[in-house]
Amino acid sequence: MVAGLVMGDPVTGLFIGGSMQLTVLGIGTFGGSSHIDANTGSIIATAFSVALGMDSSQALAAIAVPVAAILTVADVLGRFCNTFFQHRIDTLIEREDYAGIQRNFLYGIAPWALSRALPTALALAFGQGLVQAMMDVLNGPLAWLGTGLGVAGAVLPAVGFAILLRYLPVRVNWHYLILGFVVTVFFNYLFNGVKTIGGAVAGVVDGFSGNFIGMPMLGIALVGLYVAVNYYKAQSARPSLENADSSQEEDDEDEL
């Protein structure tokens, strides 16, 4: 969003950043593992998309994803440089030099920031010609490839969701999945209705005839199904908990 504001088009920044976030949603890493640099990829793609008038979905597939993957190397390099300060901190701990520990801890910000700032600066300074040439090719002789990249960019968020659902316990908690879908649809109806009212009021239209979509009975039934399944699972788990509590009480009495 900030990159979009700087470039004068926050909508494009939000679209690319949000799509990139959804794309990597299912491949997030934990702990100290290196991962693709989705943030830098989104910033560079937003800058070139706005500056060159590039389609957002095409910029996502052609720039954001490849840049994010390549900058995994920069992530590893930044972590590697930080080990220098970590070893200095180990030595300072033995000397009980607390001021030095604090300084070296802050020094670690420098390689971490440069591992992102330098690639972004170099790409923006020297990459515009390359991206412009690539864009001319994708919109000219290889228009079929450019169209394919645009479609791929639009599909990538769905791929991220699919990977995420593959790892989540959907079979056990499928009723939550239904609830989320239904709530999303309901909010869509709500916002569409508000938009209709706002447009009519803004235009001061005589004989306003906006149609309010009623809440569908199927949606209500699915929400009820979610509540029923959730209640059933809670009640099914209660006897086992009561048995565990009674067994614990018996064990305590035996010990007494």
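**Exercise 1. The aromatic residues**

Is F84 buried or exposed? Determine also how F84 is arranged relative to F85 in this predicted model.

*Solution.*
Step 1. Residues with over 50% relative accessible area count as exposed. F84 has a relative accessible area of 51%, and therefore F84 is exposed.
Step 2. The cut-off for buried is under 20%. F85 has 15% relative accessibility, so F85 counts as buried.
Step 3. A pair of aromatic rings is described by the distance of the centres and the angle of the planes. For F84 and F85 the centres are 5.3 Å apart and the planes enclose an angle of 75°. Planes over 60 degrees apart count as edge-to-face, and the pair of F84 and F85 is accordingly edge-to-face.
Step 4. The structure contains two aromatic pairs. F84 and F85 belong to one aromatic cluster together with Y107.

**Exercise 2. The salt bridge**

Identify the residues that form the salt bridge, and state which parts of the chain the pair links.

*Solution.*
Step 1. Side chains of opposite charge can pair when their charged atoms come close. The structure has one salt bridge.
Step 2. The partners are D37 and R116, whose closest N and O atoms are 3.3 Å apart. This satisfies the cut-off of 4 Å.
Step 3. D37 is in the loop between helix 2 (10-23) and helix 3 (38-52), whereas R116 belongs to helix 7 (residues 109-126). The two residues are 79 residues apart, and the pair links distant parts of the chain.
Step 4. The relative accessible area of D37 is 5%, so D37 is buried.
Step 5. R116 also lies over the face of W112, at 5.0 Å from the ring centre.

**Exercise 3. A glycine in helix 5**

Describe the surroundings of G78.

*Solution.*
Step 1. G78 is part of helix 5 (residues 72-95).
Step 2. With a relative accessible area of 2%, G78 is buried.
Step 3. Residues up to four places away in sequence are not counted here; G78 then touches P111, W112 and S115.
Step 4. G78 and A113 are 35 residues apart along the chain, and their C-alpha atoms are separated by 8.1 Å.

**Exercise 4. Helix 3**

Compare the expected span of helix 3 with the distance between its end C-alpha atoms, and decide how far this helix is enclosed.

*Solution.*
Step 1. The expected span is 1.5 Å times one less than the number of residues. Helix 3 has 15 residues, so its span should be 21 Å.
Step 2. The end C-alpha atoms of helix 3 are 21 Å apart, which agrees with the expected span.
Step 3. Of the 15 residues of helix 3, 11 are buried, so the helix is largely enclosed by the rest of the structure. Among the buried residues are G41, I44, F48 and L52.
Step 4. G53, just after helix 3, takes a positive phi of about 65°.

**Exercise 5. The largest nonpolar core**

Which residues of the largest nonpolar core touch the most other members? Name also the helix that gives the most to this core.

*Solution.*
Step 1. The core has 19 residues, of which M20, L60 and I63 touch the most other members.
Step 2. At least two residues of this core come from each of helix 2, helix 3 and helix 4 (56-70). Helix 4 gives the most, with seven residues.
Step 3. Neighbours within four places in sequence are left aside for M20; its contacts are then I36, A38, S42, L60, A64, V65 and A68.

Methods:
Residues numbered from 1 in each chain as written. Predicted model: local features only at pLDDT ≥ 70, side-chain atom pairs only at ≥ 80, totals over all residues. Heavy atoms only, no water. Helix = DSSP H or I, 4+ residues; strand = E, 2+ residues; numbered from the N terminus. Buried < 20%, exposed > 50% of the residue type's maximum accessible area, 1.4 Å probe, protein only. Contact = heavy atoms within 4.5 Å. Salt bridge = Lys/Arg side-chain N within 4 Å of Asp/Glu carboxyl O. Phe/Tyr/Trp six-rings, centres within 6.5 Å; stacked < 30°, edge-to-face > 60°. Lys NZ or Arg CZ within 6 Å of the ring centre and 35° of its normal. Core = buried A, V, L, I, M, F, W, Y, C linked by side-chain atoms within 4.5 Å.
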